[in-house]
Amino acid sequence: MSLNNKPSRQLNRRKFLGDSVKSALGIAAGLAVPGVLSGCGTKEIENFFQKHFLELSPAELKSLLARLERENLKKYGKSTVVSAKPAMPGVLFGYGLDLSRCIGCRRCVHACVKENNQSRDPAIQWIRVLEFSKEKGIDFAEANPYYCAPGSGAGAADSSNKLPAAPPPQLTGEQKQILADPVSQYPLYKEKETEGPGCKVPRPEHFYVPISCQQCENPPCVKVCPVKATWKEPDGIVVIDYNWCIGCRYCMAACPYGARHFNWAEPKLPSEDVNPDMHYLGNRPRYRGVVEKCTYCIQRTRNGRYPACVEICPVGARKFGNLLDPNSEIRYILEHKRVLILKNDLATRPKFFYFYGL
Amino acid sequence: MPIVNFLKACISIWLKGNKYYWAWVAFLGVLIVSGIAAYFGQIMHGLIVTSMRDQVSWGFYIGNFTFLVGVAAAAVMLVIPAYIYHWEPIKEVVLLGEMLAISALVMCMLFVTVDIGRPDRMLHLFPIFGKPNFPVSLLSWDVLVLSLYFVLNLVIVSYLLYTGFTGRHYNAKILIPLVLISIPSAISIHTVTAFLYNGIVARPFWNASILAPRFLASAFCSGPAILIILFQILRKVAGLRIKDEALAKISELMAYAMFINLFLFGAEMFKEYYSHTEHLIYTKVLLFGVGGTKVHLFTWPALAASVTAFILFLVPKTRKNFYTMNLGCLLIWFGVYTEKGMGLVIPGLTPDTLGEIYVYAPSLTEYRVAAGIFSIGFLIFTLLVKIAMPIMKMKETNPAGIRLVKPHL
Ligand code: SF4
Ligand code: SF4
């Protein structure tokens, strides 16, 4: 089901009928739910009628990508490139994480936020680093995601890797309204204080397990989605179409690794922090009310680059490569190291392998 | 045009009523307006105005949805005993049951709508307009069976009301097959809803095969509980001819259903505590609270209510006494509402899959939206019952009249 050599679709009768019925009812629905559609600009209407990603013809895909680029330009005042580069044949991505090296500094977390245009407020982070005590081992009931790390502000090696940006000085009317609304004051867990210059990692007698999407070969999240908004690509990456997801969050209930995150509010991304190198199925800006998660930096890895977390890791704990290539580093690890996968008993078959390199 | 006349008649019936009727409608109206205002705020700001977060990604809305699917299912399942025991006003049992089912289903659909992040993309759930993940996703099954069940009930109720209004006898050849289909569909909607939770391996608290039977057993308590009270009211104000024996029989059946429900619950508790694996923590959240969770504060009163109701309905003396019978109904409502609502959703999601405990309690927005949805449901039910009342009365003037299912059928 590779994206590039999709057979060009003929306009058969059924499809034509389906489309016209769809338009008619769509218009009816559009008239019936004006409040929900929050105004009916052309953008909203185009969004409303957009087809599922896998059903777009090459021409439709092209105009869709162009539209997204225009929207980005308008919203962030920055020109961006939204690609939809398909999977390369003969590639199945796999990830290795060396538990004996990871020091729990959370640099990967912030590099990921930056690379993938994650919302800074409310803060969404695709990687969660859990601290475990060596005595108890990996027991999730004992995991501490809120341990204190020095943070990248305090003498971190890479200054470009900064903490979530401060809120813009000028509050918009809507932001003021949100701040004035008492019910929106519930804290997000990610706003808990987990970083301070006085903190030191690794703490003695502790070890760290960063967890993000495990890109399961048998992904329960894909199985449950009622609208096929999420699927596994030929290179093994599980992706989400943010323009198709209805935000039911069934996939979040089904994911055994807490990898999926929901846009509870309008994601906020300061223009100066926008990473302009985007992929439709990856790091393009998300919308309120949809689910997102790690995509192995699809915008990088499909162009032969390493994921951002691999590059930033100061101790080289992160490895990435093609599982189908017998000479790849990831294959070497699988063949020569002690490897473990999380929640083996659920048969999700993660392509994210934790190993002991030392 | 009889249909236009029928609609006109409906409106004039709705506009007539005593001061209690208007007070009730006004009360519901206030709650509906408040709910709509709260939902508008949610549309403006996103689901951040609820207390749900990534760790507890479903909450009060989905809990209410689950409970109401049970009500919708059980209201119609009551037709089975009505048929077996030859209750005299079986048409009324069918009619009221299906009307309750319609109201409950409207509430179910509204609860799902307010819970999803992109209600504007609702059409993606349906064939032609969208891309339903059928048959793999249980949620797309649920959409299918709930829609079918809704249409079925709507057809039966409109048909009965319309023929009643025009004074014609309904055609049993049309009606009986529809009613007979609606019974297995009632069971199927609740089974599918149970499977929706049941199929999630990531959540051990839900991943128990006993869930679907438990759902059916508890539904068979909560649905009839509301009908028992309603039958009594209608008997008083509208002269519905339902015998005391029928009410006692329903109570007796509820006692059995409650026994099965409590037994299955006990079986689940035994398995959890005796095997004492790491999965026990979810049951601990349900029963004793872990790290500040609050559900257990409701679990024990709810269990006590269920057990008390069971005893009240088991002892012939208390099940025939109207005070204790109605008390039992209220207790059952409380018991099942807690068990199927927050008692199911919260321990299922807390702690989350990585062991974190996020203490969820619904926000004001969630309470207001939920109260609004319940009010819409009650309003629909009130209006439906009001149209049905004259038709049910009409039967008194036509004693030779109408029996839906003949005993020898
Ligand atoms: S880790 Fe979760 S989100 Fe990622 S593929 Fe597996 S089930 Fe899906
Ligand atoms: S939240 Fe979106 S991706 Fe997840 S199951 Fe629902 S529609 Fe599918």
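**Ligand 1.** I began with the shell around ligand 1, which by class has ten nonpolar, two polar and two charged residues. I worked throughout on a predicted model. I then asked which residues come nearest to ligand 1. Of the 14 residues around the ligand, these are C213(A), Q214(A), C216(A), C221(A) and C255(A).

**Ligand 2.** I repeated the search for ligand 2. I found cysteines in its surroundings, among them C225(A), C245(A), C248(A) and C251(A). I also noted P226(A), V227(A), T230(A), I246(A), G247(A) and V291(A) there. R249(A) and R260(A) complete the list around ligand 2. By class, I recorded eight nonpolar, two polar and two charged residues in this shell.

**Chain B by itself.** I counted 15 helices and zero strands in chain B. I next looked up its radius of gyration, which is 22 Å; the globule rule gives 22 Å for 409 residues, so chain B is as compact as a globular protein of that length. Along the principal axes, I found that the C-alpha atoms of chain B fill a box of roughly 65 × 50 × 45 Å.

**Extent of the contact between the chains.** How many residues does each chain bring to the contact? I noted 65 residues from chain A and 50 residues from chain B. I read the area buried between the two chains as about 5,000 Å², with 60% of it given by carbon and sulfur atoms. I saw that D54(B), K131(B) and L354(B) supply 16% of the area that chain B buries against chain A, more than any other three residues.

**Polar links across the contact.** I found 30 residue pairs in polar contact between chain B and chain A, both residues being at pLDDT 80 or more. I asked which elements of chain B give two or more residues to the side that touches chain A, and the answer is α2 (19-45), α6 (138-166) and α15 (364-397). By class, I listed 24 nonpolar, 16 polar and ten charged residues on that side of chain B.

**Salt bridges.** I searched the whole structure and obtained 29 salt bridges over all chains. Between chain B and chain A the count is three. I located one salt bridge between the side chains of D115(B) and R249(A), at 2.8 Å from N to O. R249(A) had already appeared in my list of residues around ligand 2. I located another between E55(A) and K131(B), whose closest N and O atoms are 3.1 Å apart. E55(A) lies in the loop between α2 (42-49) and α3 (58-76) of chain A, and K131(B) in the loop between α5 (90-115) and α6 of chain B, so the pair joins two chains. I had met K131(B) before, as one of the three residues that supply 16% of the area chain B buries against chain A.

**Backbone exceptions.** I kept in mind that most residues other than glycine have a negative phi, and most peptide bonds are trans. Where, then, are cis peptide bonds found in chain B? I found a cis bond joining F134(B) and P135(B), with omega about 0°. I placed P135(B) in the loop between α5 and α6 of chain B. I found another cis bond from T350(B) to P351(B), where omega is near -10°. P351(B) sits in the loop between α14 (342-349) and α15 of chain B. In chain A, I noted that E205(A) has a positive phi of about 65°, although it is not a glycine. I traced E205(A) to the loop between α5 (173-180) and β4 (206-211) of chain A.

Conventions. Residues numbered from 1 in each chain as written. Chains lettered and ligands numbered in written order. Predicted model: local features only at pLDDT ≥ 70, side-chain atom pairs only at ≥ 80, totals over all residues. Heavy atoms only, no water. Near = heavy atom within 4 Å. Nonpolar A, V, L, I, M, F, W, Y, C, P; charged D, E, K, R; others polar. Contact = heavy atoms within 4.5 Å. Buried area = accessible area lost by both parts, 1.4 Å probe. Salt bridge = Lys/Arg side-chain N within 4 Å of Asp/Glu carboxyl O. Polar contact = N/O pair within 3.5 Å; in protein donor to acceptor, adjacent residues only side chain to side chain. Helix = DSSP H or I, 4+ residues; strand = E, 2+ residues; numbered from the N terminus. Rg over C-alpha atoms; globule rule 2.2 N^0.38 Å.
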